[in-house]
Amino acid sequence: MKVKRNTLLLLACLLWSAAGYHILRIGLAAYPAYRTMLNYLLPVLVFAVFQRFIPAGNGGNSHVRMDI
């Protein structure tokens with residue numbers, strides 16, 4: 001049985017999206033008990049650190065080719 005690569009990729013995308021949705025739903029249901037200023041600031045801090053120190057794409061080197 002042969003399945004096209006794009007079909008498998010689409011199926012994987014749909015399955016991971018469904019799993020992510022359910023994890024998000026569980027997390028949001030459990031979160032109201034932990035609403036504090038610290039719990040709002042920590043994710044913002046982590047996001048800021050990633051934006052600052054993790055380069056996007058190829059790190060700004062437009063002359064470097066990225067083969068995926």
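## Tyr40 and its ring partner

Let's start with Tyr40, which is partly exposed at a relative accessible area of 42%. This is a predicted model, so keep in mind that side-chain atom pairs count only at pLDDT 80 or more.

The structure holds one aromatic pair. Tyr40 and Tyr31 make it up: the ring centres sit 6.2 Å apart and the planes meet at 80°, so the arrangement is edge-to-face. That angle clears the 60 degrees needed for the edge-to-face label. Tyr31 is partly exposed too, with a relative accessible area of 27%; buried would call for a value under 20%.

## Helices and burial

On the secondary-structure side, the chain has two helices and zero strands. Helix H1 covers residues 5–30, which is 26 residues. From its first C-alpha to its last, H1 reaches 38 Å, close to the 38 Å expected at 1.5 Å a residue. Helix H2 takes in residues 37–53.

How many of the 26 residues of H1 are buried? The number is zero, so H1 lies largely in the open. The chain as a whole tells a similar story, with buried residues making up 0% of its 68 residues.

## What the surface looks like

The chain exposes about 6,900 Å², and carbon and sulfur atoms supply 70% of that area.

Which residues form the nonpolar patch on the surface? They are Leu38, Leu42, Leu45, Val46, Val49, Phe50, Phe53 and Ile54, and together they have about 790 Å² of accessible area. Take Val49 as one of them: Val49 lies in helix H2 and counts as partly exposed at 40% relative accessibility. That value also passes the 30% cut-off for patch membership.

## A charge over Phe53

Phe53, one of the patch residues, has another contact to look at. The charged end of Arg52 sits over the Phe53 ring, 5.4 Å from the ring's centre. For reference, the distance cut-off for such a contact is 6 Å.

Terms used
Residues are numbered from 1 along each chain as its sequence is written. Side-chain values use heavy atoms; hydrogens and water are left out. Helices (H or I, at least four residues) and strands (E, at least two) are DSSP runs, numbered from the N terminus. Buried means under 20% relative accessible area, exposed over 50%, partly exposed in between (1.4 Å probe, protein chains only). Accessible areas come from the Shrake-Rupley method with a 1.4 Å probe; for residues, only the protein chains shown count as cover. Rings of Phe, Tyr and Trp (its six-membered ring) pair if their centres lie within 6.5 Å; planes under 30 degrees apart count as stacked, over 60 as edge-to-face and the rest as tilted. A charge sits over a ring if NZ of Lys or CZ of Arg is within 6 Å of the ring centre and within 35 degrees of the ring normal. The expected span of a helix is 1.5 Å times one less than its number of residues. Patches are made of residues with over 30% relative accessible area and no salt bridge: like charges are joined within 9 Å, nonpolar side chains (Val, Leu, Ile, Met, Phe, Trp, Tyr) within 5 Å. A salt bridge is a side-chain nitrogen of Lys or Arg within 4 Å of a carboxyl oxygen of Asp or Glu.
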